[in-house]
Amino acid sequence: MTTSTPQSPSATSLSAAKRSMYCGEPRANNVGETLVLKGWVHLRRDHGGLVFIDLRDRTGLVQLRIDPDHVSGDGMAQAHHLRYEYCIAVRGQVVRRPEGSENPRLDTGAVEIVVADLEILAPSKPLPFQIDEWSPDTGEEIRLRYRFLDLRRPEMQRNFLMRHKLYTATRNAMNAMGFLEFETPILGKATPEGARDFLVPSRLSPGEFYALPQSPQLFKQLLMVSGYDRYYQIARCFRDEDLRANRQPEFTQIDVEMSFVDQDDVIEAMEALVAAIWRECLGEELPLPLPRMDYHEAMEKYGSDKPDLRFGLEIQDLSGVLAGSGFKVFDSILEKGGTVRALCVPGKAEAFSNSELRPDSKFSQNITRETGIKNYAWFKVNAEGKLESSIAKFLTEETLASICAHVGGKPGDVLFLVAGPEKKVVLDGIGRLRLKIGRENGFIDEAVAAGRKWAFTWVVDFPLFEYNPDEKRFEPLHHPFTSPHPGDLHLLDQEGAALDQIRSVAYDLALNGEEIGGGSIRIHRQDVQEKIFRAIGISDEAAREKFGFLLDALQYGAPPHGGLAFGFDRLLMLLLGEDNIRAVIPFPKTQTGTDLLTGAPSQVPAASLKELSIKTDVKKKEEKG
């Protein structure tokens, strides 16, 4: 007799029996053995008198054969009753599959299990989406709502087995290099570190709040002062900022700090870590040392401080070539100190029709939306090697020839020109355009096919400050604890514009157009730290209030120190070739910061708010009937 409920366990039931191995482990050398296996029904093929089941767990699949000649009790009836994602246990003998029926796609494909005993441990309701026949059309909203089912998919299991590998490879490498693993507080003090803090009200101190850490930055510096000269932590971090494909409000960092080191020491240690990760997780050897690039070179050539170097398309400066060209648009911009930058896209003129390049075309509108470029000019290089464009008539033959020669244009190439009064804005826009063209016109695919799958580069010598025109003041480009370049320390004592000339001892590691890690040598002298605070508009009193504990520590023999943090989730995303960080976080939030599985964030009872001395004017949501 069949039943839709689990059978009651007994002393001899399969539910009480220990598994012999995982579903993905039986091999030809196990033939003849009797095994106990437990898992989920991934696929069922019912041939009337014979039932085949693909049984799945996190290690893979194995085929079960259930027939009336071998299965005991009501096992055959139970087998006909099985449905997708029923949780079952079986006992049976490993046999070779009949010749010609092997499945080379499975590690277990040479064998099958002839089932003697079967027990349903737990039934399953009809699924909101199929796990065995995955469709990319299944909406992310429903997958996140039923994340516990989404995580059963083999593709997702692959991701989280790799996440475990990354944890293990990191710890093994760091321990081998003499680093000590620490934990730092989750409930801390609100400090300005570049993003909004998540705040936690204190019941014991009414009206006061803890802040969740944006990073362990200050605590790891304190550990250096305390003499623990090699620290690491796989740290949980929290930032209340707008979300996107590679960003979540809570995320994980591989956080590192070292004492008595310079930039080269930190980079050497971190390259050893990255090489160990690639070796352990992917079985690949990375050539060390990794290349380095000056920040200004990265911005001038690629329009980004995290350049994608899998392909070329370097940005070129046409400001000198077009100065005094007689074309009013360019002349007016250049006369005011602006710039004109260009991309020469080789052999792709036919990929862009003239109508597609019109300002009102869908292509141009997409450029504006994705890059921020509102207007651009274009040229095509014809068979005679001359430039053609709707604006060519406004330029002399000599100027057109100079443009073509400057960018190295050849027949079949297409040129994109972007002009503007602010160099930073122009470089950012044309850098985004470079990535769009590289992605959509096969340059990245061609690079990967040619073996240029991983393009690492360190970006070094960042500016210490950047000017915020809205606030009308300078701000740290990274954070206020980054050390100025020793050769530029004297500029801290000068007024005004000298601040934008100060270099920092900061370094980021970029991979395929993503920043995977960033760090710096820190300030270890109290007088220098106070000068930095003053330069960014933090008074001595405010600095003492916000960072008094750090300033105190710097008075007690603080060693020179520096470190780096890798974005663990972003690193994993790249290792797996995923394009969204939510695919590598077990229980992620949506782009609006919502957890669709649990319903967080949610309102709490008025009594809980009263305990915390909090009042809110947000009306309570109506309860759903």
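This is a guided tour of the predicted model, moving from the whole chain to single residues.

**Before selecting anything**

The model is predicted, so local features are given only where pLDDT is at least 70 and side-chain atom pairs only at pLDDT 80 or more, while totals for chains, interfaces and linings use all residues. Residues are numbered from 1 along each chain as its sequence is written, and side-chain values use heavy atoms, with hydrogens and water left out.

**The whole chain**

Show the whole protein as a cartoon: there are 17 helices and 22 strands, taken as DSSP runs (H or I of at least four residues for helices, E of at least two for strands) and numbered from the N terminus. Along the principal axes, the C-alpha atoms fill a box of roughly 95 × 70 × 55 Å. Of the 625 residues, 48% are buried, where buried means under 20% relative accessible area, exposed over 50% and partly exposed in between, with a 1.4 Å probe and protein chains only. Among contacts (heavy atoms within 4.5 Å) with a separation of 6 or more, 67% are between residues 24 or more positions apart.

**Helix α6 and the largest core**

Select residues 263-282, which form helix α6. With an expected span of 1.5 Å times one less than the number of residues, its 20 residues should span 28 Å, and the end C-alpha atoms are indeed 28 Å apart. At the N-terminal end, add Asp262, which caps the helix through a side-chain oxygen 3.2 Å from the backbone nitrogen of Asp264. Just after α6, Gly283 takes a positive phi of about 70 degrees.

Next, display Met270, Ile277, Trp278, Phe456, Trp458 and Phe566 as sticks; within the 45 residues of the largest nonpolar core, these touch the most other members. Such a core is a set of buried Ala, Val, Leu, Ile, Met, Phe, Trp, Tyr and Cys residues joined through side-chain atoms within 4.5 Å. Elements giving two or more residues to this core include α4, β10 (250-259), β17 (456-460) and β22 (561-567), and α6 gives the most, with ten residues. Centre on Phe566, whose contacts beyond four places in sequence include Ile254, Met270, Leu273, Val274, Leu509 and Ile516. A second, separate core of 30 residues includes Phe311, Ile444, Val459 and Ala506.

**Helix α4**

Now select residues 154-176, helix α4. Its 23 residues should span 33 Å, which agrees with the 33 Å between its end C-alpha atoms. Colour its buried residues, among them Met156, Phe160, Arg163, Leu166 and Ala173; the buried residues of α4 pack against β2 (51-57), α3 (147-150), β9 (230-238), β10, α6 and α16. Just after α4, Gly178 also has a positive phi, of about 85 degrees.

**Asp117 and Ser504**

Move to Asp117 in strand β5 (residues 111-122), which counts as partly exposed at 22% relative accessibility. Its side chain is joined to that of Ser72 by a polar contact of 2.5 Å; a polar contact is a pair of N or O atoms within 3.5 Å, where within protein one must be able to donate a hydrogen and the other to accept it, and residues adjacent in sequence count only if both atoms are side-chain atoms. Not counting residues up to four places away in sequence, Asp117 also touches Leu14, Ala89, Val90 and Arg91.

Ser504 lies in the loop between β19 (473-476) and β20 and counts as buried at 1% relative accessibility. Its contacts beyond four places in sequence include Asp461, Phe462, Thr482 and His485.

**Backbone exceptions**

Most residues other than glycine have a negative phi, and most peptide bonds are trans. Asp461, in the loop between β17 and β18 (465-468), is a non-glycine residue with a positive phi near 60 degrees. Leu313, in the loop between α7 (295-302) and β12 (316-317), likewise has a positive phi, of about 55 degrees. For cis peptide bonds, select Leu288 and Pro289, with omega near 0 degrees, and then Ala600 and Pro601, with omega about -5 degrees.

**Cysteines**

The last stop is Cys23 and Cys237. The structure holds zero disulfides, a disulfide being a pair of cysteine sulfur atoms within 2.5 Å. The closest cysteine sulfur to that of Cys23 is in Cys87, 9.8 Å away and too far for a bond; for Cys237 it is in Cys281, at 20 Å, again too far.
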